[in-house]
Amino acid sequence: LEEVSRVLEQGQKHRHVGCTNMNEHSSRSHMVLTVTVKSTPLRPDCPSTFGKMHLIDLAGSERIGRSGAEGDRLKEAQSINKSLSALGDCVQS
């Protein structure tokens with residue numbers, strides 16, 4: 001758990017947020033955390049087991065007209081919306 005906390009803290013330092021008319025602390029980036037767990041058997045004749053969990057925090061989509069985004073914020077909002085649309089296309093297929 002200490003390693004997971006350390007990685008989350010590192011990710012938090014690289015997280016981008018910005019202010020828009022819709023959200024004072026709007027997330028401007030996506031984050032993916034993959035946790036891989038390996039169990040160690042108590043008996044040597046038992047196999048090890050593995051598990052993997054993906055935790056995903058997506059930047060929220062915004063209605064560009066309502067957000068008041070301009071300049072770099074507008075480019076970010078367009079990029080975020082495009083990436084979320086592409087993700088939706090992947091899930092739909």
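**A walk through the fold**

Among contacts between residues at least 6 apart in sequence, 46% join residues at least 24 apart. That figure belongs to a predicted model. The protein has 3 helices and 4 strands. Read from the start of the chain, their order is α-β-β-β-β-α-α. The radius of gyration is 19 Å, well over the 12 Å that the globule rule gives for 93 residues, so the protein is more spread out than a compact globule. Along the principal axes, the C-alpha atoms fill a box of roughly 65 × 35 × 15 Å. Buried residues make up 16% of the 93 residues.

Begin with helix H1, residues 2-14. Here the side chains of Glu3 and Arg6 form a salt bridge, at 4.0 Å from N to O. Why can these two side chains meet? An α-helix has 3.6 residues a turn, so residues three or four places apart point the same way. Glu3 and Arg6 are 3 residues apart in H1, and therefore about one helical turn separates them. Glu3 has 56% relative accessibility, so it counts as exposed. Arg6 has a relative accessible area of 48%, which makes it partly exposed.

Move on to the strands. Strand S3 covers residues 31-39 and strand S4 covers 49-57. Arg43 lies in the loop between them. Its partner is Asp45, and the two form a salt bridge whose closest N and O atoms are 3.1 Å apart. The pair also counts as a polar contact between side chains, again at 3.1 Å. Arg43 is partly exposed, because its relative accessibility is 48%. Asp45, at 58%, counts as exposed. With Glu3–Arg6 and Arg43–Asp45, the count of salt bridges comes to 2.

How far is Arg43 from Ala69 in space? Their C-alpha atoms are 59 Å apart, although 26 residues separate them in sequence.

Now turn to helix H3, residues 72-92. At 1.5 Å a residue, its 21 residues should span 30 Å. The C-alpha atoms at its ends are 30 Å apart, which agrees.

Which residues of H3 are buried? They are Ala77, Ile80 and Leu84. These residues cover an arc of only 65 degrees around the axis, and therefore sit on the same side of H3. What do the buried residues pack against? Their partners are strand S2 (26-27) and helix H2 (64-67). The face turned away from the buried side has another set of residues. It carries the exposed residues Asp72, Lys75, Lys82, Asp89 and Cys90.

Ser83 is also found in H3. It is neither buried nor exposed: its relative accessibility is 29%, so it counts as partly exposed. Its side chain reaches the backbone oxygen of Ile80 at 2.9 Å. Ile80 is itself one of the buried residues of H3. Along the chain, Ser83 is 25 residues from Leu58. In space, the C-alpha atoms of Ser83 and Leu58 are separated by 9.7 Å.

Put the pieces together. The chain is more spread out than a compact globule. H3 has its buried residues on the same side, where they pack against S2 and H2. The salt bridges are Glu3 with Arg6 and Arg43 with Asp45.

Technical notes: Residues are numbered from 1 along each chain as its sequence is written. This is a predicted model: local features need pLDDT of at least 70, side-chain atom pairs count only at pLDDT 80 or more; totals for chains, interfaces and linings use all residues. Side-chain values use heavy atoms; hydrogens and water are left out. Helices (H or I, at least four residues) and strands (E, at least two) are DSSP runs, numbered from the N terminus. The expected span of a helix is 1.5 Å times one less than its number of residues. Buried means under 20% relative accessible area, exposed over 50%, partly exposed in between (1.4 Å probe, protein chains only). The arc is that of the directions from the helix axis to the C-beta atoms. Contact means heavy atoms within 4.5 Å. A polar contact is a pair of N or O atoms within 3.5 Å; within protein, one must be able to donate a hydrogen and the other to accept it, and residues adjacent in sequence count only if both atoms are side-chain atoms. The radius of gyration is taken over C-alpha atoms; the globule rule is 2.2 Å times the number of residues to the power 0.38.
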